[in-house]
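Work through the exercises below with the model open. Each task is followed by a stepwise solution.

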Amino acid sequence: MAKQPQPISPMKNFFAGGFGGVCLVFAGHPLDTIKVRLQTQPKPKPGESLLYAGTLDCFKKTLAKEGVKGLYKGMAAPIIGVTPMFAVCFFGFGLGKKLQQRTPDDILTYPQLFAAGMLSGVFTTAIMTPGERIKCLLQIQASSGEVKYAGPMDCVKQLYKESGIRGIYKGTALTLMRDVPASGMYFMSYEWLKNLLTPAGKSHNELSIPSVLFAGGMAGIFNWAVAIPPDVLKSRFQTAPEGKYPNGFRDVLRELVREEGIGSLYKGFNAVMLRAFPANAACFLGFELAMKFLNWLAPNL
């Protein structure tokens, strides 16, 4: 393992992570737009074909009709939400690494990196859960046609009125189940691939841009391979009417497997994986470049 010349700075991780988050949204948002359009396209009338034949067709039609701007519709909200979230996520990872070091030049083992990643998952859950719950409720009201909430703030107010802070944080356990192991996997696989791609005797900081992109993209895929099943359960649980699943996720899991088989836990696999690679490649490249800049700007911080 190469020695770490720079002591770990959770604060630098915070800012570089935020920048990585912005890069992630820029790279991933077009595919997210397409995913949502495919998921919510209207049923064709008898004798008519579907509006979009598939991912590529949706991409072509959106471009032809609305130009590049059409692919970036609604990007302000994720940028406002994702930037602090990735900042906190990378901060949690940096803190997790620092807490496990006895001396500043300690090299961490893979289980330790996994544990540091899991800590970042706990940090992000606190921010993520309310956001995801509100996003899911607003997304399904758009497709079900019944308008209950005027917008995100109205949704928060109504949930708080109905069931207090617990209503806003419904699905915390499932978000933890999704993000804690997945974040562990995310950061551990990234560090593992970085070590794998670093030539003998060279340091991590000399990794080429294609190598960083590959390690980041693959980390995104490893992350989602772990995250998709709890993610499917969480979406179901968070959008279910009150009292439908009295025992929480166990009921959701039972119903899903009984009705649609075990494969249904991997719904939306293609769309997620297609987006995971470029989005996370961009995220880690942004993170590494921002870290280099911050280390040059303030080497002793």
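Is lysine 61 buried, partly exposed or exposed, and what is its relative accessible area? Lysine 61 is partly exposed, at 36% relative accessible area. The classes are buried (under 20% relative accessible area), exposed (over 50%) and partly exposed in between, with a 1.4 Å probe and protein chains only.

Two ground rules come before the rest. This is a predicted model: local features need pLDDT of at least 70, side-chain atom pairs count only at pLDDT 80 or more, and totals for chains, interfaces and linings use all residues. Residues are numbered from 1 along each chain as its sequence is written, and side-chain values use heavy atoms, with hydrogens and water left out.

**Exercise 1.** Find the salt-bridge partner of lysine 61 and place the pair.

Step 1. Apply the criterion: a side-chain nitrogen of Lys or Arg within 4 Å of a carboxyl oxygen of Asp or Glu. The structure holds 12 such salt bridges.
Step 2. The partner is aspartate 57, with 3.1 Å from N to O.
Step 3. Both residues sit in helix α2 (residues 55-71), 4 residues apart, so about one helical turn separates them. Helices are DSSP runs (H or I, at least four residues) and strands are E runs of at least two, numbered from the N terminus.

**Exercise 2.** Why does the salt bridge of aspartate 32 and arginine 275 tie together parts distant in sequence?

Step 1. The closest N and O atoms of aspartate 32 and arginine 275 are 3.6 Å apart.
Step 2. Aspartate 32 belongs to helix α1 (residues 10-39) and arginine 275 to helix α9 (residues 269-297), so the pair joins parts 243 residues apart in sequence.
Step 3. Check exposure: arginine 275 is partly exposed, at 27%.

**Exercise 3.** Trace the contact between lysine 244 and glutamate 255.

Step 1. Their closest N and O atoms lie 3.9 Å apart, in a salt bridge.
Step 2. Lysine 244 is in the loop between α7 (209-239) and α8 (249-260), while glutamate 255 is in helix α8, 11 residues apart.
Step 3. Lysine 244 is partly exposed at 45%, whereas glutamate 255 is buried at 14%.
Step 4. Widen the view: a network of salt bridges links Arg236, Lys244, Glu255 and Glu260.

**Exercise 4.** Compute the helix content of the spans that UniProt annotates as "transmembrane region".

Step 1. The unreviewed entry gives residues 75-95 and 107-128. UniProt positions follow the numbering used here, feature names are shortened, and annotations may be inferred rather than shown by experiment.
Step 2. Residues 75-95 are 95% helix and 0% strand, with end C-alpha atoms 30 Å apart.
Step 3. Residues 107-128 are 86% helix and 0% strand, with end C-alpha atoms 31 Å apart.
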